[in-house]
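User: I'd like to go through this one with you and ask how you justify the labels you put on things. Can we start with the structure itself?

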Amino acid sequence: MTIDARTLPLLDEGQMLAALRVLRSRQPAEYWAFYSSQLKGIVTDPALMVLPFDDHIVHRGHGIFDTAAIVAGKIYDLDAHLDRFLMSADRSKLRLPGSREEMRDIIIQTAAASGRRDGSIRYWLSSGPGSLELTPARGAEPGFFVMIFAGLLYPERWYTEGLRVMTTTYPIKAPLYAITKATNYLPNVLMQMEAKEAGFDNGVFIDESGNVGESSNMNLAFVTKQGVLVHPKFDHILSGCTSLRLLELARAHQDRARVARVEVRDIPVAEARASREMLLLGSSIKVAPVIQWDDQVIGDGKPGPVGRALLQLLEEDMRSGDRLIPVPY
């Protein structure tokens, strides 16, 4: 279809806002509150949750992000996520818009403005707007954004029946980029698209040495036939806050976790395929069992006891542990 440019309307402010509202009404995602340092405030109308088109996070991917969860009116594990956020900012050469405490307070205030007692928090840092050049514009102010939204939802069958994953044909990110939670997720996106097109639920990255890496936006862990919980080293994959916390919980509650011990090390693919259980770990997915990897059945092909035990430990920690911050609604 050929579009005649002469027929394109020149929108005024009212028409633009109306068009944005129509756009949002067609999208199923639920967004409840949004803070922008560029606007210096919070909005609750999804149509107003926008960024400048020339912000480098938009057209160059020069930005970072992190997440946290709101559970029963409290924010879970925010400080661990903020620590990683600051490390990602340093690696990405991004200036902070304020102190760590100021950003923390903004996140809490935005959660309060949403009025929601359960949901997800995602926050970003950008190098700012001002040009379409490769490097940030001179004098550009960093942008800090916070979104309170419904969160990512996964099929219930992933937990009751388990997932099927495939070895991706896409190469794993170089370590610097893998350990930085940047907004450039192209390899992750392509991997998951490839998996779904092939009839699988997700994919698995393998490093150049033939060791297990990570999944699309989740870490991987395994339970050996001897009952050892093993996790790949974090020097070439993202240091998942959920993974790190689960490793702590498993060490502190080995009997409840039903593991003999916990190890963080390189995991060759052959060893991983022979494991008793294979797990996906992450802030949104929590703990989900993998029952098949390519054409290899994992364990007995059913969700296992360690995965269920770890999920219970995590959910208890998210509701009554020592990493909760009350939201001042």
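Analyst: Sure. First, a bit of vocabulary: helices (H or I, at least four residues) and strands (E, at least two) are DSSP runs, numbered from the N terminus. Keep in mind that this is a predicted model, where local features need pLDDT of at least 70 and side-chain atom pairs count only at pLDDT 80 or more, while totals for chains, interfaces and linings use all residues. Residues are numbered from 1 along each chain as its sequence is written, and side-chain values use heavy atoms, with hydrogens and water left out.

User: What does the secondary structure of the protein chain come to?

Analyst: By that DSSP count, the protein chain has 11 helices and 15 strands. Gly73 is not in any of those runs here: its place is the loop between β3 and β4.

User: What makes Gly73 buried?

Analyst: Buried means under 20% relative accessible area, exposed over 50%, and partly exposed in between (1.4 Å probe, protein chains only). Gly73 has 5%, so it counts as buried.

User: Which residues is Gly73 in contact with?

Analyst: Contact means heavy atoms within 4.5 Å. Leaving aside neighbours within four places in sequence, Gly73 is in contact with Arg117, Ile325, Pro326, Val327 and Tyr329. Gly73 and Arg319 are also 9.6 Å apart in space, C-alpha to C-alpha, although 246 residues separate them in sequence.

User: How do you know that the radius of gyration agrees with a compact globule?

Analyst: The radius is taken over C-alpha atoms, and the globule rule is 2.2 Å times the number of residues to the power 0.38. With 329 residues that gives a value near 20 Å, and the protein chain has 21 Å, so the two agree. The C-alpha atoms fill a box of roughly 65 × 50 × 35 Å along the principal axes. Buried residues make up 48% of the 329. As for contacts with a separation of 6 or more, 70% of them come from residues 24 or more positions apart.

User: What makes up the largest nonpolar core?

Analyst: A nonpolar core is a set of buried Ala, Val, Leu, Ile, Met, Phe, Trp, Tyr and Cys residues joined through side-chain atoms within 4.5 Å. The largest one has 28 residues, and those with the most contacts inside it are Leu229, Val287 and Leu310. Two or more residues each come from β3 (63–71), β9 (219–223), α8 (241–252), β12 (277–282) and α11 (305–320). Of these, α11 gives the most, with six residues. Looking at Val287, residues beyond four places away in sequence that it touches include Tyr159, Leu246, Leu310 and Leu314. There's also a second, separate core of 26 residues, with Ala89, Leu94, Ile108 and Ala111 among them.

User: Is His231 buried or exposed, and how do you know?

Analyst: Its relative accessible area is 0%, under the cut-off, so His231 is buried. It lies in strand β10 (residues 228–231). Not counting residues up to four places away in sequence, His231 touches, among others, Asn219, Ser243, Glu263 and Leu281.

User: And His253: buried, exposed or partly exposed?

Analyst: At 34%, it falls between the two cut-offs, so His253 is partly exposed. His253 is found in the loop between α8 and α9 (254–257), and its C-alpha is 9.7 Å from that of Leu310, 57 residues away in sequence.

User: Why does Leu134 count as exposed?

Analyst: Leu134 has 63% relative accessibility, which is over the line for exposed. It sits in the loop between β5 (119–126) and β6 (143–149). Leu134 still touches His56 and Arg60, not counting residues up to four places away in sequence.

User: What is the phi of Asp77, and of Lys93?

Analyst: Phi of Asp77 is near 60°, a positive value in a residue other than glycine. Phi of Lys93 is near 55°, also positive in a residue other than glycine. Asp77 lies in the loop between β4 (74–76) and α3 (78–91); Lys93 lies in the loop between α3 and α4 (100–114).

User: And are they buried or exposed?

Analyst: Asp77, with a relative accessible area of 4%, is buried. Lys93 has 76% relative accessibility, so it counts as exposed.
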